[in-house]
Amino acid sequence: MPGLPIERSIAHPSLLADILVSKYADHAPLYRQSEIAARDGVALDRASMGRWVGQCEELCRPLTEALRRYTMAGKKLHADDTPIPVLAPGNKKTRTGRLWVYVRDDRRSGSNEPAAVWFDYSSDRKGIHPQTRLAGFEGILQADGYDGVNELYASGRVRQAACWDHARRRYYEVHASTPTDDTQELLDMLGELYSIEANIRGKPATERLRVRQEKSKPLLIGKRSIFNV
């Protein structure tokens, strides 16, 4: 009979899997899982479940490390972050942490390599976090305009790919508050760019470059005077 995942524990793999999926996929905290189990006459101690979660994290560390290495080995990465509430020990209140996401996915560019996503947590949004995680990365990085990643571009080892979605958001906010003919024209132009990209998604790089030179470049040149206002 194979051994159980956690040494000196009676927790079966199916129970551990259920706890982890309920906590991280279904967002059910451990105290709620304990209450649900109690309705069925099963005693699940929150402290024990907390230890099991930590021990399972250690068991999965080789997998998460392999995922990190594969993700960072790509030649093009997408990076972003989002705030998440984190329970502050001792005062039963929450503080704001950051969840960073690094994505390797070139399927829309015609690649057959498997896509991958690696998440990283930090207690704040200091630039040292992405700078440390991307210290060994060489290639193209697509991110928002966050100043914390700008230092990565200084050496030339990492090339910046700006994000039209983030750029459009600013134009849309201006248009929503003070609409003008120029802001409407820019939004319409960005819509045309999105349509061009949709039509060449998944095509070889040479084909995408040709279409962008023939269709996207003239659009941008034609609106240069508005961009420079």
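Visitor: Leaving aside neighbours within four places in sequence, with which residues is H129 in contact?
Guide: In this predicted model, H129 is placed in helix α4, which covers residues 128-133. The C-alpha atoms of H129 and W100 are separated by 8.8 Å, with their positions 29 residues apart along the chain. Once neighbours within four places in sequence are set aside, the contacts of H129 are W100, Y102, S122 and D124.

Visitor: Which residues touch the most other members of the largest nonpolar core?
Guide: The largest nonpolar core holds 15 residues. Strands β1 (76-88) and β2 (93-104) each supply at least two residues of this core. The residues that touch the most other members are Y102, L134 and L141.

Visitor: With which residues is L134 in contact, leaving aside its neighbours within four places in sequence?
Guide: L134 is among the residues with the most partners inside the largest nonpolar core. Without its neighbours within four places in sequence, the contacts of L134 are M72, L77, Y102, L141, L152 and R157.
Apart from the largest core lies another core of 11 residues, including I6, L16, L30 and A37. To return to the residues asked for, L134 is in contact with M72, L77, Y102, L141, L152 and R157.

Visitor: Is T71 buried or exposed?
Guide: T71 belongs to helix α3, residues 46-72. Neighbours within four places in sequence aside, T71 is in contact with L77, Y102, V103, R104, A116, V117 and W118. Because its relative accessibility is 0%, and the cut-off for burial is under 20%, T71 counts as buried.

Visitor: What distance separates the C-alpha atoms of T71 and F137?
Guide: T71 and F137 are 66 residues apart along the chain. F137 is also one of the residues touched by K75. The C-alpha atoms of T71 and F137 are separated by 10.0 Å.

Visitor: What is the relative accessible area of K75?
Guide: K75 lies in the loop between α3 and β1. Not counting residues up to four places away in sequence, K75 touches F137, E138, G139 and I140. The C-alpha atom of K75 is 8.4 Å from that of R104, a residue 29 places away along the chain. K75 is nevertheless exposed, with a relative accessible area of 62%.

Visitor: Are α6 and α7 roughly parallel or antiparallel to each other?
Guide: Helix α6 (residues 181-200) and helix α7 (residues 205-222) pack with their axes 10 Å apart, at an angle of about 175 degrees. Angles over 145 degrees count as roughly antiparallel. The two helices, α6 and α7, are therefore roughly antiparallel.

Visitor: How many nonpolar, polar and charged residues has the contact of α6 with α7?
Guide: Helix α6 contributes M189, E192, L193, I196, E197 and I200 to the contact. Helix α7 contributes R208, V211, R212, K215, S216, L219 and L220. By class, the contact has 7 nonpolar, 1 polar and 5 charged residues.

Visitor: How far apart are the end C-alpha atoms over residues 8-220?
Guide: An unreviewed UniProt entry lists residues 8-220 as "domain: Transposase IS66 central". Over residues 8-220 the chain is 50% helix and 19% strand. The end C-alpha atoms are apart by 65 Å.

Definitions and conventions
Residues are numbered from 1 along each chain as its sequence is written. This is a predicted model: local features need pLDDT of at least 70, side-chain atom pairs count only at pLDDT 80 or more; totals for chains, interfaces and linings use all residues. Side-chain values use heavy atoms; hydrogens and water are left out. A nonpolar core is a set of buried Ala, Val, Leu, Ile, Met, Phe, Trp, Tyr and Cys residues joined through side-chain atoms within 4.5 Å. Buried means under 20% relative accessible area, exposed over 50%, partly exposed in between (1.4 Å probe, protein chains only). Helices (H or I, at least four residues) and strands (E, at least two) are DSSP runs, numbered from the N terminus. Contact means heavy atoms within 4.5 Å. UniProt positions are given in the numbering used here, feature names are shortened, and annotations may be inferred rather than shown by experiment. Axes are lines fitted to C-alpha atoms, for helices over the stretch in contact, and angles run from 0 to 180 degrees between N-to-C directions. Angles under 35 degrees count as roughly parallel, over 145 as roughly antiparallel, 65 to 115 as roughly perpendicular and the rest as oblique. Ala, Val, Leu, Ile, Met, Phe, Trp, Tyr, Cys and Pro count as nonpolar, Asp, Glu, Lys and Arg as charged, and the others, Gly among them, as polar.
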